[in-house]
Amino acid sequence: MSKSDDVRLILCSDIHLSERPPIFRSDEPDWFEAMARPLRELQDTADQYQAKVVCAGDVFDKWNPSPALINFAIDELPLMYAVPGQHDLPHHRYTDIKSSAYWTLVKAGKIINLEPDKPIEVNGVVLHGFPWNSELKPCTSSDLCLHLAVVHKYIWSDETNHFPGADSDDHISGWKIRGLAGFDAMVFGDNHKGFLAKTHAGAATILNSGGFMRRKRDEIDYTPSFALMYGDGKIER
């Protein structure tokens, strides 16, 4: 089996579906169609590799969008395993998740919610969900499966992908990452500046997937992406 035949998962984050275009994208003649284009590319890639889609949070830009946007999501969003980000949650509270449009997609069968402390095996990879503001915990499993942490939390790796004054604890070498010891790989959402990194040789691969589409003027030169995760645990943006 070649590497290209062994794609297990498609990893993404920060889709931020919204009813109206952000100011930077206000010239779009049809904003819903503009959002649909990258979603269809995501679906086509998942179909090509027969792989499952995993999203590390912020499917919606607001937790309570219109029925029109929810219907759009049902039509265009690939089936995905996901954790909610703060934008998906009423008042940023996970306890209120069942009042959100995110949960409507769970009820509609478009999202399989990765609940904390309830790992799910998908295509030979065990997914561990860490939604917004949840406690980070190490992976203690001794089995031979790959274990992927799906996390919505701000992290950064160098001066090219953080905001001025970013907390050093949010660096990939900080305590937040050390709290996830034992995982083979991690995918993060929240920071819209995507990167792929390791803290040191032999360490777990850390993917910050980044913004799924350009939404702001300072992203004009940014290349949005999603990533492929292979059966050997490697990740490619």
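In this predicted model, N123 counts as partly exposed, with a relative accessibility of 31%. The residue sits in the loop that joins β5 (120-122) to β6 (125-130). Its phi is near 50°, a positive value in a residue other than glycine.

A second residue with such a backbone angle is D58, which has a positive phi of about 60° although it is not a glycine. D58 belongs to the loop between β2 and α2, and at 0% relative accessibility it counts as buried.

## Overall architecture

The protein contains four helices and 12 strands. For 237 residues, a compact globule would have a radius of gyration near 18 Å, and the 17 Å found for the protein agrees with this. Along the principal axes, the C-alpha atoms fill a box of roughly 50 × 40 × 40 Å.

Of the 237 residues, 54% count as buried. The accessible surface comes to about 11400 Å², and carbon and sulfur atoms account for 49% of that area. When contacts between residues at least 6 apart in sequence are considered, 65% of them join residues at least 24 apart. The side chains include 25 positive and 34 negative ones, and the centres of these two sets lie 2 Å apart.

## The loop around F60

F60 lies in the loop between β2 (52-55) and α2 (67-76), the loop that also holds D58. With a relative accessibility of 0%, F60 counts as buried. Residues within four places in sequence aside, F60 is in contact with H16, L17, P65, L69, A73, H87, D88, A101, Y102 and L105. One of these partners, Y102, is 42 residues away in sequence, while the C-alpha atoms of F60 and Y102 are 7.3 Å apart in space.

## The loop around P90

P90 is found in the loop between β3 (80-82) and α3 (101-107). A relative accessible area of 3% places P90 among the buried residues, since buried means under 20%. Beyond four places in sequence, P90 touches W63, D96, S99 and S100. P90 and S100 are 10 residues apart along the chain, and their C-alpha atoms are separated by 6.5 Å.

## Aromatic pairing and D170

The structure holds three aromatic pairs. In one formed by Y154 and F163, the ring centres are 5.1 Å apart and the planes stand at 55°, so the pair is tilted. The threshold matters here: planes over 60 degrees apart would count as edge-to-face, and those under 30 degrees as stacked. Y154 counts as buried at 15% relative accessibility, whereas F163 counts as partly exposed at 41%.

Y154 is also a contact partner of D170; with neighbours within four places in sequence left aside, D170 is in contact with Y154, I155, W156 and K176. D170 lies in the loop between β7 (146-152) and α4 (175-178). The relative accessible area of D170 is 9%, and the residue is buried.

## Pairs distant in sequence

The C-alpha separations given above for F60 and P90 can be set beside those of two further residues, Q50 and Y230.

| Residue pair | Separation in sequence | C-alpha distance |
|---|---|---|
| P90 and S100 | 10 residues | 6.5 Å |
| Q50 and L9 | 41 residues | 8.7 Å |
| F60 and Y102 | 42 residues | 7.3 Å |
| Y230 and A51 | 179 residues | 9.8 Å |

Q50 occupies the loop between α1 (31-49) and β2. Its relative accessible area of 64% makes Q50 exposed, because the limit for that class is over 50%. Y230, by contrast, is buried, with a relative accessible area of 6%. Y230 is located in strand β11, which covers residues 227-230.

## Local environments in summary

The residues described here fall into several accessibility classes. F60 and D58, both at 0% relative accessibility, count as buried. D170 is buried at 9%, P90 at 3% and Y230 at 6%. N123 and F163 count as partly exposed, at 31% and 41%, while Q50 is exposed at 64%.

Notes:
Residues are numbered from 1 along each chain as its sequence is written. This is a predicted model: local features need pLDDT of at least 70, side-chain atom pairs count only at pLDDT 80 or more; totals for chains, interfaces and linings use all residues. Side-chain values use heavy atoms; hydrogens and water are left out. Helices (H or I, at least four residues) and strands (E, at least two) are DSSP runs, numbered from the N terminus. The radius of gyration is taken over C-alpha atoms; the globule rule is 2.2 Å times the number of residues to the power 0.38. Buried means under 20% relative accessible area, exposed over 50%, partly exposed in between (1.4 Å probe, protein chains only). Contact means heavy atoms within 4.5 Å. Accessible areas come from the Shrake-Rupley method with a 1.4 Å probe; for residues, only the protein chains shown count as cover. Lys and Arg count as positive and Asp and Glu as negative; His and the chain ends are not counted. The place of a charge is taken as NZ of Lys, CZ of Arg, CG of Asp or CD of Glu. Rings of Phe, Tyr and Trp (its six-membered ring) pair if their centres lie within 6.5 Å; planes under 30 degrees apart count as stacked, over 60 as edge-to-face and the rest as tilted.
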